[in-house]
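Okay, thanks for coming, everyone. Let me put the model up, and then I'll walk you through its disulfides and one of its sheets.

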Amino acid sequence: MSRKVCMLLVIIAARQCAAANQKRRTLVDAVINSKDHIHDQTLEHETCFDGCDQNNPCGPPLHIDDVYYYKHCDSSKFIQCTDHGQCYINYCAVGLVWDQDLLQCIFELTSRSSTDPPVATIPPSSCGMSSEDRENEIKTAIETVSDPSTLYHQGTPQNKALQWILHQDGFQTCPQDTNLVQRYTLAVFYHSTGGGMWNECNAPNDFIDFQDLLQANSDCSLIANGADPYQVPTFSSSDAWLTPSHECLWGGVACAGATTAVDRIQFENNALSGTLPSELSNLNELRYLIIEEGQTGGPIPSELGLLSGLIVLDLNFNVLQGTIPEEIYTGLHLLFQLDLNDNLLTGTISPAVSNLSYLDFLQLENNNIDGTIPESLGSLIGLRK
């Protein structure tokens, strides 16, 4: 398990940074004054903390509805406390260090001489290899996901996602990280569906500016916490997309608690446009793909048929074109909701629809689908609508 995944499991419950930033000065004063709730001697004698196990700065519940921050002895990290007294370790974006006076991550400044201005120093790579090796190994891995002719064509969603992973993403994903393909795939999805013009959860204007990151997070309120009849444990949050948090914490995304694999992508009336990328097929634990009430067009990728665990495919009220791929009928054996109404789909309903033996809900009205209803549809005894 990678360091970043371990870090994710630690910080899941404390993703309130944007809201906390507005009140953090008064909260620090409150913490200092609330000596009955804090380990006073520890705070008085320690200038930094190694972590949450020993000399925990958070102490018992603070009874103040926000979070607090403390200096970690590793300047690339900082400690965050919740109002319940829980302690979490967070990471600054690459090239930034924690400043306890400002209570934020800033560029590490080193002075070349007494007269020269300070310069920001950005570490070349945190992956145990040179930047060049990291870039080459990431490219090699992603070439198995996207066609190189598209991947290296400037301006494509795939190329934008690659350049972001390599040069702009403060999370500093490494070639050996298990979430590399997942993170890249979601970045492709963002750029393919008009990311930047969504109603909510757009990426920050500046990926390493702390205030821009906070503003982007504060502009995102979407949480993918829809109903699940199987009650699989998942987690989600409402961070803006392409911020340096784990991709499972981006608004509209939920991940399985056991694996941190994407379980759900859910957007409704968020002004998504463009097209659905075929790279979504790499989210092999995806169970819910819900993209409703937008302007997403183009064909339904046949590669979605590779998502064998998908149980809900809901793409209604968009402008999707073309036929329903045969792979949807033959590959999605667990599907119980197929909701494609109010699009621009054509063609016929395939007799292979009988393969969807768990189908409970089917909506295809308000399209340009013609032909007869296949007799095999009658074999779907669980179909209610």
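**Disulfides and a sheet**

So, let's start with C201 and C220, which are joined by a disulfide, with the two sulfurs 2.0 Å apart. Where do these two cysteines sit in the chain? C201 is in the loop between α8 and α9 (210-218), while C220 is in the loop between α9 and β8 (234-236). That's a separation of 19 residues, so to speak a link between distant parts of the chain. The torsion about this S-S bond is 75 degrees, and that makes the C201 and C220 link right-handed.

Buried or exposed, then, for C201? Buried: C201 has just 1% relative accessibility. C220 comes out at 5% relative accessible area, so C220 is buried as well.

One thing to keep in mind while you look: this is a predicted model.

How many disulfides does a search of the whole structure find? The answer is 4, and I'll show you two others.

C127 is bonded to C174, with an S to S distance of 2.1 Å. This pair also connects distant parts of the chain, 47 residues apart. C127 lies in the loop between β7 (119-120) and α5 (131-142), and C174 lies in the loop between α7 (157-168) and α8 (180-192). Here the angle about the S-S bond is -90 degrees, a left-handed link. C127 and C174 are both buried.

Next, C248 and C255, again a disulfide, at 2.1 Å from S to S. Which hand does this one have? Its torsion is about -90 degrees, so the C248 and C255 disulfide is left-handed. And yes, C248 and C255 are buried too.

Okay, on to the sheet. It's an open one built from 7 strands, and going across you read β8-β9-β10-β11-β13-β15-β17, with mixed pairing. At the edges you have β8 and β17 (361-363). Each of those has a single partner strand, so one side of each has no neighbour in the sheet. Ignoring direction, neighbouring strands are turned against each other by 15 degrees on average.

Let's zoom in on one pair. β10 (residues 262-268) and β11 (residues 288-292) run parallel and are joined by 5 bridges. If you click on E268, its bridge partner in β11 is E292.

And what packs on this sheet? That would be α8, touching β9 (253-256), β10 and β11. The direction of α8 makes about 15 degrees with that of β10.

That's my tour, happy to rotate things around.

Methods. Residues are numbered from 1 along each chain as its sequence is written. This is a predicted model: local features need pLDDT of at least 70, side-chain atom pairs count only at pLDDT 80 or more; totals for chains, interfaces and linings use all residues. Side-chain values use heavy atoms; hydrogens and water are left out. A disulfide is a pair of cysteine sulfur atoms within 2.5 Å. Helices (H or I, at least four residues) and strands (E, at least two) are DSSP runs, numbered from the N terminus. Buried means under 20% relative accessible area, exposed over 50%, partly exposed in between (1.4 Å probe, protein chains only). Two strands pair if DSSP finds at least two bridges between them. Axes are lines fitted to C-alpha atoms, for helices over the stretch in contact, and angles run from 0 to 180 degrees between N-to-C directions. Contact means heavy atoms within 4.5 Å.
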